Amino acid sequence: MKVINLISGPRNLSTAIMYSFAQRKDMTVLDEPFYGYYLNNASLENEHPSQKEILQTMELREEKVVEDINSLSKKKNVFVKGMAHHYLTETPEFILNWENVILIRHPKKLIASFSKVIHTPTLNDIGIKKASELFLFLKKNGKTPIVIDSDELLKNPEIYLKKLCGLLNIPFSEKMLQWKKGEIKEDGIWAKHWYGNVHNSERFAVQKSSSQPLPEHLDPLLKEALPYYETLKGNILL
């Protein structure tokens, strides 16, 4: 059994990919298991929706989260949907034992979408810097991750998911291409703030919100984010 570790930023299609993997009977799916640990230990400039409830209900110790994930993987494949910035250490050695996939999206689209919920995000909030750092950490240790792009996936989800499953050495399942509208039991308690588009969907699809303009006050953040995106862009699975 293996741990497939999706490392993403917010508003990157990560929830839809989680829903896709949740359709598989051979997979246990976890929604951002390091979120509580992150909120409890990070220096935050913005309070997160449902923050108090998350801190009250989630495991706050990183080592215990890792232990629980590895324990689950002894019985069944585990798919972890996580945010890059939830890894607070520079060298999270435990991910070297996992199959890592980094999901990226052009930061202009990511920031415009994210700002609908948190209006003044910072570079640390959107995860792209940390994703770039994790890519370099994994590569340095001989564990170069798969890098996937949300826009590339949306061009032809079936072909793209087949390529991804092939690289992960798991069989592709047609069930990954659609799901029922509404919540799934694996959703985190923050789903009501972030997952509206996925709850109203039944498959991978381009959202109308993906073309929304970037608020002018976030132009400096975009300029900060672009170099980290460019580091990853050349490694995208096509």
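This report describes the overall build of a protein chain, its nonpolar core and the surroundings of one buried residue.

The structure is a predicted model, in which local features need pLDDT of at least 70 and side-chain atom pairs count only at pLDDT 80 or more, while totals for chains, interfaces and linings use all residues. Residues are numbered from 1 along each chain as its sequence is written, and side-chain values use heavy atoms, with hydrogens and water left out.

The protein chain has 12 helices and five strands (DSSP runs: H or I of at least four residues for helices, E of at least two for strands). Its radius of gyration is close to the value from the globule rule for 238 residues, so the chain is as compact as a globular protein of that length. That radius is taken over C-alpha atoms, and the rule is 2.2 Å times the number of residues to the power 0.38.

| Property of the protein chain | Value |
|---|---|
| Radius of gyration | 17 Å |
| Globule rule | 18 Å |
| C-alpha span along principal axes | about 45 × 40 × 40 Å |

Of the 238 residues, 54% count as buried (under 20% relative accessible area, with a 1.4 Å probe and protein chains only). The largest nonpolar core (buried Ala, Val, Leu, Ile, Met, Phe, Trp, Tyr and Cys joined through side-chain atoms within 4.5 Å) holds 77 residues, of which Phe 21 and Ile 148 touch the most other members. Beyond four places in sequence, Phe 21 has contacts (heavy atoms within 4.5 Å) that include Ile 4, Phe 79 and Met 176.

Phe 114 lies in helix H5, residues 107–114, and is buried because its relative accessibility is 3%. Beyond four places in sequence, its contacts include Pro 10, Asp 125 and Trp 194.

How values were computed: Buried means under 20% relative accessible area, exposed over 50%, partly exposed in between (1.4 Å probe, protein chains only).
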